[in-house]
Amino acid sequence: MVAEEANKAEVQPECAADAPPPTTAVDDKVPVTEQKPTDDTAVEKSEKLSEEKPAEGSRNRDEVLARVATEKKDALIKAWEESEISKIENRAQKKLAAIGAWENSKKAEIEAELKKIEEKLEKQKAKYIEKMKNKVALLHKTAEEKRAITEAKRGENVLKAEELAAKCRATGSSVKTLTRWFSS
């Protein structure tokens, strides 16, 4: 955060309107070896030099110097602009990489949480499946007991009916329960 504030607080370079001209030559025809004067004594010397030379050559030289100064100023501005753009691109790439890393870490956290929840749900599912299987087994056991009781009662009732029928045959009497139903 402090680094970002420091970057924001960087002083933006100001365009210098009266930058000194370069000391290099642009054309092979006109070599330039002197700088543009900035103090009073240098101004006087340059005036003396310009008076000694013909007016047309001086004018041409001034135009070349002005063009060189303009080109130098443009080159410096372009270099500064490219530098700033490069810095901006680098900062943006850094931030994009940080955002990507943050996104990946959050995704990993969420996926880990999801996996944990899925495992928990699988355990609960297995627990409920076991409970339901136990209920089905208990239900089956109860049904088997009821079937056994019903079969036993049926067997007893069949035996009673056979015994009563045998007794009636042996004595030659009719069954009392039947006579009650049919006697009326």
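How many salt bridges does the structure hold? The count comes to 5, and three of these pairings are described below, after a look at the overall fold. The model is a predicted one, so a word on confidence accompanies the description.

The architecture is simple to follow. The protein contains 4 helices and 0 strands, and a walk along the sequence gives the pattern α-α-α-α. Helix H3 covers residues 55–171. Of the 184 residues in the protein, 6% are buried. The exposed surface amounts to about 16,700 Å², with carbon and sulfur atoms supplying 57% of it. Among contacts with a separation of 6 or more, 61% join residues that lie 24 or more positions apart.

Within the span of H3 falls a stretch that carries an annotation. The unreviewed UniProt entry lists residues 107–134 as "coiled-coil region". In the model, this stretch is 100% helix and 0% strand. The C-alpha atoms at its two ends are 40 Å apart.

The three salt bridges considered here can be taken in sequence order. Glu84 and Lys87 come together through their side chains, with a distance of 3.6 Å from N to O. Why can these two side chains be partners? Glu84 and Lys87 sit 3 residues apart in helix H3, so about one helical turn separates them. Their surroundings can be described too: Glu84 is buried, at a relative accessible area of 15%, whereas Lys87 is partly exposed, at 35%. The cut-off for a buried residue is under 20% relative accessible area, and Glu84 at 15% therefore counts as buried.

Further along, Lys106 and Glu109 form another salt bridge between their side chains, at 3.9 Å from N to O. Again the spacing is 3 residues within helix H3, which means that about one helical turn lies between Lys106 and Glu109. Lys106 is partly exposed, with a relative accessible area of 34%. Glu109 is also partly exposed, with a value of 48%. Glu109 belongs to the stretch that UniProt lists as "coiled-coil region", residues 107–134.

The third pair is Arg147 and Glu144, whose side chains meet in a salt bridge at 2.8 Å, N to O. Arg147 and Glu144 are 3 residues apart in helix H3, and so are separated by about one helical turn. Arg147 is partly exposed at 47% relative accessibility, and Glu144 is partly exposed at 38%.

How far can the details be trusted? The mean pLDDT of the protein is 79, and 65% of its residues reach 70 or more. Among the elements of the protein, H3 has the highest mean pLDDT, at 94. At the other end of the scale, helix H1, residues 2–8, has the lowest mean, at 48. Residues 23–38 also call for care: pLDDT stays under 50 throughout this stretch, for which the model has 20 contacts beyond four places in sequence. Where pLDDT is low, predicted coordinates should not be read in detail. The three salt bridges described above, by contrast, lie in helix H3, the element with the highest mean pLDDT.

Terms used:
Residues are numbered from 1 along each chain as its sequence is written. This is a predicted model: local features need pLDDT of at least 70, side-chain atom pairs count only at pLDDT 80 or more; totals for chains, interfaces and linings use all residues. Side-chain values use heavy atoms; hydrogens and water are left out. UniProt positions are given in the numbering used here, feature names are shortened, and annotations may be inferred rather than shown by experiment. Buried means under 20% relative accessible area, exposed over 50%, partly exposed in between (1.4 Å probe, protein chains only). Contact means heavy atoms within 4.5 Å. Accessible areas come from the Shrake-Rupley method with a 1.4 Å probe; for residues, only the protein chains shown count as cover. A salt bridge is a side-chain nitrogen of Lys or Arg within 4 Å of a carboxyl oxygen of Asp or Glu. pLDDT is the predictor's confidence in each residue, from 0 to 100.
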